[in-house]
Structure formats: C-alpha cells, structure tokens
Amino acid sequence: MTATLADVAARAQVSPATVSRVLNGNYPVAAATRERVLRAVDELDYVLNGPASSLAAATSDLVGILVNDIADPFFGIMAGAAQAAIGEERGAREKLSVICNTGGSPERELTYLTLLQRQRAAAVIVTGGALEDPAHQAAVGAKLARLADAGTRIVLCGRPPLPGDSVTATLAFDNRGGGRRLTEHLIGLGHRRIGYVAGPTERTTTRHRLEGHRAALEAAGLARTLDARVVHGSYDRRSGYDAALELLRREPELTALVAANDTVALGACAALRDRGLSVPGDVSVAGFVDLPFSADAVPALTTVRLPLYEAGARAGRLALGLEPAPPGGIATVHGELMVRASTAPPRTL
C-alpha cells in the first residue's frame, strides 16, 4: 500500500504540517526533527508530490547510475560508457542520466534508490559488486521491486543477480573464472608460494575472485596454504602496499602475488621495490580488471581484462529499452587473461 503524508507524520511522531515543511524546505525545522522525518520517509518509501498520484506509474526522463566511487576508473569507465550510450538518443527517447556516488555506503545506496523512486526515474543502473549482508540485500531488492512496479527499468552492471523478477537485465562479470585463470597462469609458470591481496571481506567481488583463486590452488594441490597467504584490505593502492609487506613478513619466500585489482597490484609493486625486490625477477605480480594504466606500468601488468566500457554501454542501451534483455535476464561477461611482463617463472626454477 502506498504510504501517505499522514503515515510519515505518525512514524516520525510529528504533525503532517511538519512533514510538509521538511520536504518542501520552506520553513526552519530543528535538525533532530528533520532527521526523524527523513528517516520515516525513507523507511516508508514515501513518494513526494502527492497531488500527482495519478501519475505514480509514469516515468520521467531521468536515468540514475549508481556507483561506489566515481573517482575509481572501474566505476568511472562503466558510468561514462552508460552515459554515452544514453546520450546518443534524441527526441522522444532522450534522457538525462545522473551519477549517484554512494561512496561505498549502504545507507547512501538505499537513499539514492528512494530519491530515484520519488523522481519516477525511467531507468536505474546499479554498478559494481554488492554488499554481502542479507538485510541490506533484501532492502535493495525491495527498493528495486518498487521502482520496477512503477515502470522503471532496472539494470545491474558488474553485479551478481538478485532473487526475484524485478530486474530488467543483469550483466554479471565472471570474477570466479577470471580469478582462476590468473592463478592457473602463475602455477603454470612454476609458482607454488603465491600470496593474495584481497579486497574488503563484505563484497561479492572479493569473494568471487578469491573463490577462483582457491579453485586453481585446489586443482594443483596447493590450497592448504591459502589462508595464511591472504590479506584483506580496500581496493586502493595503500591497501596493496601494506598487504604486500604483511605477506612478505609472514612468508619471505613468496614468489608471486595476486592482487584484487590493478590499483592494489601497483601498491604491491611499490612495496616490493621498497624492500629491494624486483618484479618479476624476485616476485611476480598480477592484477585484475585491466585498467588503462596497466599496460603502461613498468613492468606492464599481467591482469584479467574486464570489458568495462562495453558492459557499461550495453547497460545504457538496456536501460533505454534499445536492446532486448539476455535470455533469462542474465548475461555473464567473461574476462580475458592479459599476460604481460610483470609475471615470469620463479627464479628458483
């Protein structure tokens, strides 16, 4: 049942007039009261502009693109490609696309979905890995279902599929397969002491890439050493630097490091240089994603190329209904192993 202004007032324990003042922003309201009202609005999924209720199922010319961090090339490339695809349309199909930068905050992700619902967005594209928290996943699923019920197209790009049928299309990266091929490459070169610099423990992307790494080790009979050779951190350079030093402290004889992404890999390379070690002479290093700088690093970085631009552009077309959804609504986007100079057989061979 659609929430009313009176429902919001009751939840926030204020008068309907106070709710109106908060939402219209035309009258001073105490900060604590304002926060209580906005929390009630969010919890009840109250859609602003009650007099326009007859248009509740209509959609606007707005497309929202949710990213964790627009400064991260992983998200920037996908979002830019989606915007470019959406911007190609003119006339009746023309839409305004906006980037919603969550900063990795689960609360902000839910807030943006609520705001896009109030604006009756024509489409919403959600990029990147999901938070592995059942309560948050259920909340996101509920928000997306409400958007879909109002006629909004929902596209997941680089994110695992959600249960239910509210999502128009899912473009899911094969992180497990890419992680496995990367580690198989190092094992094939002769490496047996391989450290792993993982991403945040609560992200699906982290788990899936690590599962691929584990599968390659298990196939080679090396999985018994995995836990001691994994360090988790953020998807940034500093995390790669610190984690590489920790792995070397645990096991100075490591001959290879696999990093959660290319930015983390460059941090690991810097740590190795500061320890007087060469890449790949002493330690081979591999990344993931194939960000633009990877081929120009010295040495060039072995990595798994994810087709970020292509996936983002396809997400944009799906959001506008210019391309049919894949069979079953889900398409697996595979990566390509890019073997470069940062990996080589271990010196002990």
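Which residues are linked with Glu-132 in a network of salt bridges? The network joins Glu-132, Arg-176, Arg-207 and Glu-211, where a salt bridge is a side-chain nitrogen of Lys or Arg within 4 Å of a carboxyl oxygen of Asp or Glu.

This is a predicted model, in which local features need pLDDT of at least 70 and side-chain atom pairs count only at pLDDT 80 or more, whereas totals for chains, interfaces and linings use all residues. Residues are numbered from 1 along each chain as its sequence is written, and side-chain values use heavy atoms, with hydrogens and water left out.

## Salt bridges

The structure holds 18 salt bridges, and three of them are set out in the table below.

| Acidic residue | Basic residue | Closest N to O distance |
|---|---|---|
| Asp-242 | Arg-238 | 3.1 Å |
| Glu-246 | Arg-249 | 2.6 Å |
| Glu-323 | Arg-317 | 2.9 Å |

Helices (H or I, at least four residues) and strands (E, at least two) are DSSP runs, numbered from the N terminus. Asp-242 and Arg-238 are 4 residues apart in helix α9, which covers residues 237-250, so about one helical turn separates them. Glu-246 and Arg-249 also lie in helix α9, where they are 3 residues apart, about one turn of the helix.

Accessibility is described with three words: buried means under 20% relative accessible area, exposed means over 50%, and partly exposed lies in between, with a 1.4 Å probe and protein chains only. In the pair formed by Asp-242 and Arg-238, Asp-242 is partly exposed at 36% relative accessibility, while Arg-238 is exposed at 53%. In the pair formed by Glu-246 and Arg-249, Glu-246 is partly exposed with a relative accessible area of 23%, while Arg-249 is exposed with 57%. Arg-317, the partner of Glu-323, counts as partly exposed at 33% relative accessibility.

## Cysteines and the strands β3 and β4

The structure holds 0 disulfides, a disulfide being a pair of cysteine sulfur atoms within 2.5 Å. Why does Cys-100 form no bond with the closest cysteine sulfur, in Cys-157? The sulfur of Cys-100 is 15 Å from that of Cys-157, which is too far for a bond. Both residues are enclosed by the cut-off used here, for Cys-100 counts as buried at 6% relative accessibility and Cys-157 counts as buried at 1%.

Strand β4 covers residues 153-157, and 4 of its 5 residues are buried, so this strand is largely enclosed by the rest of the structure. Strand β3, residues 123-127, runs parallel to β4 and is joined to it by 5 bridges; two strands pair if DSSP finds at least two bridges between them. Within this pairing, Val-124 stands opposite Ile-154 in β4.

The loop between β3 and α6 (134-149) contains Ala-130, which is buried with a relative accessible area of 11%. Ala-130 and Pro-161 are 31 residues apart along the chain, and their C-alpha atoms are separated by 9.6 Å.

## Backbone details

A cis peptide bond joins Val-279 and Pro-280, with omega of about 5°, and Pro-280 lies in the loop between α10 (262-274) and β9 (284-286). The peptide bond from Val-298 to Pro-299 is also cis, with omega near -5°, and Pro-299 is found in the loop between β9 and β10 (303-305).

The loop between β9 and β10 also holds Val-289, whose phi is near 115°, a positive value in a residue other than glycine. Val-289 is buried, with a relative accessible area of 2%. Asp-290 lies in the loop between β9 and β10 as well, and has a positive phi of about 65° although it is not a glycine. At 18% relative accessibility, Asp-290 counts as buried.

## The second largest pocket

The second largest pocket has a volume of about 430 Å³. On a 1 Å grid over the protein atoms alone, where a cavity is a set of points where a 1.4 Å probe fits but cannot get out, a pocket is an open set with protein on both sides within 12 Å along at least five of seven lines, and lining residues have an atom within 4 Å of a point. Grid points are joined across faces, edges and corners, and a volume is the space filled by probe spheres set on the points.

The lining of this second largest pocket has 22 residues, of which Asn-68, Asp-72, Phe-75, Pro-200 and Tyr-235 lie nearest its centre. The elements that give two or more residues to this lining are α4 (73-87) and α8 (204-219).
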